[in-house]
Amino acid sequence: MSRILSAIKRRPVVVRTAWWAGKIVNHRVPRLLSRALNGAEPARTEVHPPVRDNHTVPDGGRRELPEPTAYTGTGENPVLVAEDVTDFGAVDFVADPFLFPGADCWHLFFEVCNTSRDPDAVIAHATSPDGLRWEYDRVVLRSDEHLSFPYVFEWEGTRYMVPEEGGSDGRAIRLYEATDFPGGWEPRATLVSADHHTDDTVVFRWRDRWWLLVGDDEVAGFRVYHSDSLVADDWEPHEGNPVVTGRPTAFRPGGRPVVGSDGVVVFFQDCEGRYGEAVRAFEITALGPETYADEELTESPVLEGTGARVGWNSGRMHHVDPWCVDGRWLCMVDGNVSHPELFTNDHWSIGVVVADSD
């Protein structure tokens with residue numbers, strides 16, 4: 001009997017039917033309930049794009065991050081799901097959201113995955129006037145390799161992106177420059193050509209130097225590279241690489257670091273039990289060409305699933321992109337459902353939370 005059930009579950013029509021059942025139960029029903037309870041308009045306060053850059057929070061210091069319960073609020077989440085994507089076939093999920101402020105709207109870059117395609121993942125774009133209501137635009141970056149984690153930022157008036165390339169087979173980190181924002185991107189430098197895994201990368205400037213952190217699943221840790229210049233090939237490896245090993249609870253970057261005048265907070269995925277279980281926050285306490293140390297914050301984990309039977313983020317949450325604007329945090333997050341084996345495949349979707357910074 002078990003063999004018969006297993007064979008049935010592998011049939012494409014059964015797989016797709018179960019996938020759609022998961023979408024209805026975990027995405028559509030919560031949205032409808034939210035509207036019924038809170039009205040047609042989102043319950044949270046709008047957050048309009050800031051004028052300034054986000055390398056530091058407004059007062060130059062680190063603010064307290066929202067508690068994990070903030071991410072499970074009653075707003076109309078998820079705000080972006082697989083079926084919102086219209087130009088990459090029958091998409092399985094969307095994940096890894098990164099914000100960028102425009103003159104009159106927020107921009108969002110994120111992974112779009114369709115497991116029936118080769119390569120199976122590209123980078124797409126959406127816009128929002130207030131951070132709450134999102135409209136899908138189009139795929140803006142594709143290559144002959146799997147693409148995800150589109151870390152986007154601006155430096156000296158130029159917009160850049162450092163996506164993960166190649167998935168688990170990736171061994172290089174490239175810097176892309178926006179030649180026609182938001183839809184035109186060209187490679188400008190190969191920051192790292194490695195003989196190790198390059199599982200998600202974050203880049204930031206700290207004390208007049210550029211730093212890069214990249215996860216390495218093979219050692220359950222991560223490596224650090226640094227450079228005087230942003231647009232440069234072959235950044236210098238840290239003398240202690242890999243600087244962290246054997247830490248499955250926190251090794252793979254899980255979102256944009258918060259960089260202030262008094263320190264740097266980095267987010268890491270908790271993959272001890274399974275991939276992307278939660279997000280933990282660490283403050284870097286020592287950073288130099290030969291030194292690295294970090295310490296987990298007391299409020300960590302800052303992001304995790306609700307543990308409910310159903311819901312867009314009932315199972316796992318593995319990414320946060322936090323922006324502090326006018327005394328509030330606007331955070332883009334992603335989540336997956338409980339019981340993916342029942343509903344088949346991944347159901348990652350994108351949500352938003354607005355929380356006070358104090």
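With a relative accessible area of 26%, R174 is partly exposed in this predicted model. Its side chain meets that of E165 in a salt bridge, with N and O 2.9 Å apart. E165, by contrast, counts as buried, at 4% relative accessibility. Elsewhere, E164, D200 and R252 are joined into one network by salt bridges that share partners. The count of salt bridges comes to 15. Side chains of opposite charge can pair when their charged atoms come close.

Two further pairs illustrate such contacts. R133 forms a salt bridge with D130, and the closest N and O atoms are 2.8 Å apart. R133 is partly exposed, at 42% relative accessibility, whereas D130 is buried, with a relative accessible area of 1%. The side chains of D137 and R138 also meet in a salt bridge, at 2.5 Å from N to O. In this pair D137 counts as partly exposed, at 29% relative accessibility, and R138 is likewise partly exposed, at 34%.

The overall architecture of the protein chain comprises three helices and 21 strands. Of its 358 residues, 58% are buried. Among contacts with a separation of 6 or more, 55% are accounted for by residues 24 or more positions apart. The chain exposes about 15100 Å², of which carbon and sulfur atoms supply 47%.

Confidence in the model was examined along the chain. The mean pLDDT is 87, and 84% of the residues reach 70 or more. Over residues 4-10, however, the pLDDT is below 50, and this stretch has five contacts in the model beyond near neighbours in sequence. The pLDDT is also below 50 over residues 51-61, a stretch with 26 contacts beyond near neighbours in sequence.

In the interior, the largest nonpolar core contains 50 residues, and W185 and Y292 touch the most other members. Leaving aside residues up to four places away in sequence, W185 touches F109, V140, L141, V152, R159, Y160, M161, Y176, E177, A178 and T179. A second, separate core consists of 28 residues, including W19, V112, L132 and V354. In soluble globular proteins, nonpolar side chains tend to be buried together.

Nonpolar residues also occur on the surface, where I24, V25, V29 and V310 form a patch with about 270 Å² of accessible area together. Within this patch, V310 belongs to the loop between β18 (303-304) and β19 (320-325). V310 is partly exposed, with a relative accessible area of 42%.

Contacts between separate parts of the sequence are illustrated by E111 and R209. E111 lies in strand β2, which spans residues 106-113, and is buried, with a relative accessible area of 7%. Although E111 and S148 are 37 residues apart in sequence, their C-alpha atoms are 4.8 Å apart in space. Beyond residues up to four places away in sequence, E111 touches F93, V94, A95, D96, A121, V122, I123, H146, L147, S148 and P150. R209 is located in the loop between β9 (199-205) and β10 (210-216). Its C-alpha atom is separated by 8.8 Å from that of L230, 21 residues away along the chain. Outside the residues up to four places away in sequence, R209 touches F204, H226, S227 and D228.

Several loops carry notable backbone geometry. D118 and P119 are joined by a cis peptide bond with omega of about 0°, and P119 is found in the loop between β2 and β3 (121-128). A cis peptide bond also joins F181 and P182, where omega is about 5°. P182 is placed in the loop between β7 (172-180) and β8 (184-193).

Positive phi values were identified at two residues that are not glycine. E156 has a positive phi of about 50° and lies in the loop between β5 (147-155) and β6 (158-165). A220 has a positive phi of about 50° and is found in the loop between β10 and β11 (221-227). E156 is exposed, with a relative accessible area of 69%, whereas A220 is buried, with a relative accessible area of 16%.

Methods: Residues are numbered from 1 along each chain as its sequence is written. This is a predicted model: local features need pLDDT of at least 70, side-chain atom pairs count only at pLDDT 80 or more; totals for chains, interfaces and linings use all residues. Side-chain values use heavy atoms; hydrogens and water are left out. A nonpolar core is a set of buried Ala, Val, Leu, Ile, Met, Phe, Trp, Tyr and Cys residues joined through side-chain atoms within 4.5 Å. Buried means under 20% relative accessible area, exposed over 50%, partly exposed in between (1.4 Å probe, protein chains only). Contact means heavy atoms within 4.5 Å. Patches are made of residues with over 30% relative accessible area and no salt bridge: like charges are joined within 9 Å, nonpolar side chains (Val, Leu, Ile, Met, Phe, Trp, Tyr) within 5 Å. Accessible areas come from the Shrake-Rupley method with a 1.4 Å probe; for residues, only the protein chains shown count as cover. A salt bridge is a side-chain nitrogen of Lys or Arg within 4 Å of a carboxyl oxygen of Asp or Glu. Helices (H or I, at least four residues) and strands (E, at least two) are DSSP runs, numbered from the N terminus. pLDDT is the predictor's confidence in each residue, from 0 to 100.
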